[in-house]
Amino acid sequence: MRAKRLYQITRTFMHYGLNDLIPPRYMPWSIRMARIGLFWLPNKHKDKSPGARLRLALESLGPVWVKFGQMLSTRRDLLPPDIALELAKLQDRVKPFDGAKAQQLIEKALELQSIDELFDDFAVVPLASASIAQVHTARLKKGEGAGEDVVIKVIRPDIRGAIDADLSLMETLASVLAKHLPDGRRLKPKEVVREYRKTLLDELDLAREAANAIQLKRNFEDSPLLYIPTVYSDYSRTNVMVMERIDGIPVSDVDTLMAIGVDMKKLAERGVEVFFTQVFRDSFFHADMHPGNIFVSRENPDDPQYLGIDFGIVGTLNREDKRYLAENFLAFFNRDYRKVAELHIDSGWVPAHVNVEEFESAIRTVCEPIFNKPLADISFGHVLVNLFNTARRFEMEVQPQLVLLQKTLLYVEGLGRTLYPQLDLWKTAKPFLERWMQEQLGWRAVLRSVKEHAPYWAEKMPEMPTLLYDYLRNQRHMVEQQQAATAALIHSQRKHSWRIWWGLASAATVVTTALFWVSGQPVWLTASSAVVAIASIMMSWRQPANRA
């Protein structure tokens, strides 16, 4: 089966001429010979662009490869822009599997004798279908949310085996590329596939997705910006998730949004605000915010609210990442490239041995032409892509959390400018970032830190005398141990010096004895010198007792 699938993948690659994507100067002899050996598999799509051929090949290989192409489309640091844009067209829509089978999977996961025990009006025909799962509608009969319309997301049967098999083949192909492509080390194909494996397997766990949805809902409770549907966790498992059904307009349906009078400028700006709130306030952001996962509420068109679904991929940032990102963005706003270079090195994203002046110059070379345009015409996401591309030349390692952030920012910016082409992302984001930096570095940050840590300090305060006594006692023992170690070291050094001195004396007397013997000196003199030499040798091996 593995050999058959490998041949199918190879045939697809050859029929779409994907070997042409490798520049001739980078084509090793081994790959050239392999292509000649597969002469019966010609390129049947020479009339199409390289990006289109790659997209069509991935679509023909199935859902695992489609999702891989979608992930690659966000890696602008690895792919030429035209290929990345073509891969962004990949659609994760596949033929649904049998609804009766889905019903059986739901009944088994929730331990139901019949679907009617828990749900009314279960729709055997799915509402939507994707590569990993499909969604059915129903009405909840009992428990929390009784009477509410819900959607039931169910993982495709036997999908794990197909995913594992294709991932294994991907890893094999990545190892070949890493070994044979001259640029394989920079492109890091094995690391890319490893990252994709983690992302894809996370999406298979609907219990994880349910937890992500609950966290996001808590973060935006009663918020006018974003509404997250309620997840009924009592009825959710690793392969089944039950969630409130929402009624919204797809954010990509601009005509309908405009027809009902939605304030498009406010909607676009709120998308930016939602993104920066998730990243800098919550450190927890929806990392798959493409148009298929975002809807707009039909209520209050003058005060529009986003509705989010599909929470399989989320990103997190630690405090240091957030601070360095905010400072980087603000430094870009102010065109302070020296600060950008120093921040990359201080954060550890770029090695400390990198020359700051050279790094600063490279960043200026890339960014200054961009800033010659009006700010409203500059893509925030592409500036970030260019920054990461430049940093990679200075040994910046790929940061997974930054890749997710970059991908999400590109989604948000593209979405915002689709809704409102005049959107100035810089103008919208700068006040938010400046306010966040003031809160993190000003007196408010000090007060907040004291408030956050006060309960811990209050808990530990009664233990302080005991901890102080133990510390002082340990310090005294450490001093005694250090003194003993110092005395032992001095004794060892004296012993070593003693042996060296007597060793030199032994060598000198042996040489003197030999000279006396050769030069014919009196026997008593030669014998005396020999006795002294023997005594010196014995003394050099004698333990120098009581000399510490």
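Just after helix α6, Glu111 takes a positive phi of about 55°. Glu111 does so although it is not a glycine. The residue sits in the loop between α6 and β1, and at a relative accessible area of 71% Glu111 is exposed. The model described here is predicted, and its chain holds 21 helices and 11 strands. Of the 548 residues, 45% count as buried. Among contacts between residues at least 6 apart in sequence, 69% join residues at least 24 apart.

Helix α6 itself, which spans residues 99-109, has as its buried residues Gly99, Ala102, Leu105, Ile106, Glu107 and Ala109. These buried residues pack against four strands: β1 (119-120), β3 (133-140), β4 (149-155) and β6 (240-244). Two of those strands are joined to each other, since β4 and β6 run antiparallel with five bridges between them. Within this pairing, Ile152 has Val242 in β6 as its bridge partner. Five of the five residues of β6 are buried, so the strand is largely enclosed by the rest of the structure.

A second case of positive phi is found at Ser283. Its phi is near 60°, again in a residue other than glycine. Ser283 lies in the loop between α12 and β8 (284-286). Here the loop residue is not exposed: at 15% relative accessibility, Ser283 counts as buried, the cut-off being under 20%.

Helix α12 leads to the nonpolar interior. The largest nonpolar core has 112 residues, and Phe276, Phe280, Phe332, Ile363 and Leu419 are the ones that touch the most other members. The largest share of this core, nine residues, comes from α12. Apart from it lies another core of 20 residues, including Ala102, Leu105, Val150 and Val242. Ala102 and Leu105 are among the buried residues of α6, and Val242 is the partner of Ile152 in the β4 to β6 pairing. As a general background, nonpolar side chains in soluble globular proteins tend to be buried together.

Aromatic rings give a further view of the interior. Three aromatic pairs are found in a search of the whole structure. One of them is formed by Phe276 and Phe280, which are stacked at 5.9 Å centre to centre with 10° between the planes. Because they are four residues apart in helix α12 (residues 264-282), Phe276 and Phe280 are separated by about one helical turn. Both Phe276 and Phe280 are buried. Another pair, Phe359 and Phe394, is tilted, with 5.0 Å centre to centre and 40° between the planes. Phe359 lies in helix α15 (residues 356-371) and Phe394 in the loop between α16 (380-393) and α17 (400-419), so this pair ties together parts that are 35 residues apart in sequence. Phe359 is buried at 0% relative accessibility, and Phe394 is buried at 13%.

Phe276 and Phe280 also belong with Phe275 to one aromatic cluster. Leaving aside residues up to four places away in sequence, Phe280 touches Lys322, Leu325, Ala326, Phe329, Phe432, Leu433 and Trp436. A charged group meets a ring elsewhere: Arg281 lies over the face of Phe220, at 5.2 Å from the ring centre.

The last part to visit is a sheet. Four strands form an open sheet with mixed pairing, in the order β5-β10-β9-β7. Its edge strands are β5 (226-227) and β7 (248-250), each of which pairs on one side only. Strands β7 and β9 run antiparallel and are joined by three bridges. In this pairing, Ile249 stands opposite Val296 in β9.

Ser297 is also in strand β9, which covers residues 294-297. With a relative accessible area of 11%, Ser297 is buried. A polar atom of its side chain lies 3.2 Å from the backbone nitrogen of Glu299. Not counting residues up to four places away in sequence, Ser297 touches Gln305 and Leu307.

Technical notes. Residues are numbered from 1 along each chain as its sequence is written. This is a predicted model: local features need pLDDT of at least 70, side-chain atom pairs count only at pLDDT 80 or more; totals for chains, interfaces and linings use all residues. Side-chain values use heavy atoms; hydrogens and water are left out. Helices (H or I, at least four residues) and strands (E, at least two) are DSSP runs, numbered from the N terminus. Buried means under 20% relative accessible area, exposed over 50%, partly exposed in between (1.4 Å probe, protein chains only). A polar contact is a pair of N or O atoms within 3.5 Å; within protein, one must be able to donate a hydrogen and the other to accept it, and residues adjacent in sequence count only if both atoms are side-chain atoms. Contact means heavy atoms within 4.5 Å. Rings of Phe, Tyr and Trp (its six-membered ring) pair if their centres lie within 6.5 Å; planes under 30 degrees apart count as stacked, over 60 as edge-to-face and the rest as tilted. A charge sits over a ring if NZ of Lys or CZ of Arg is within 6 Å of the ring centre and within 35 degrees of the ring normal. A nonpolar core is a set of buried Ala, Val, Leu, Ile, Met, Phe, Trp, Tyr and Cys residues joined through side-chain atoms within 4.5 Å. Two strands pair if DSSP finds at least two bridges between them.
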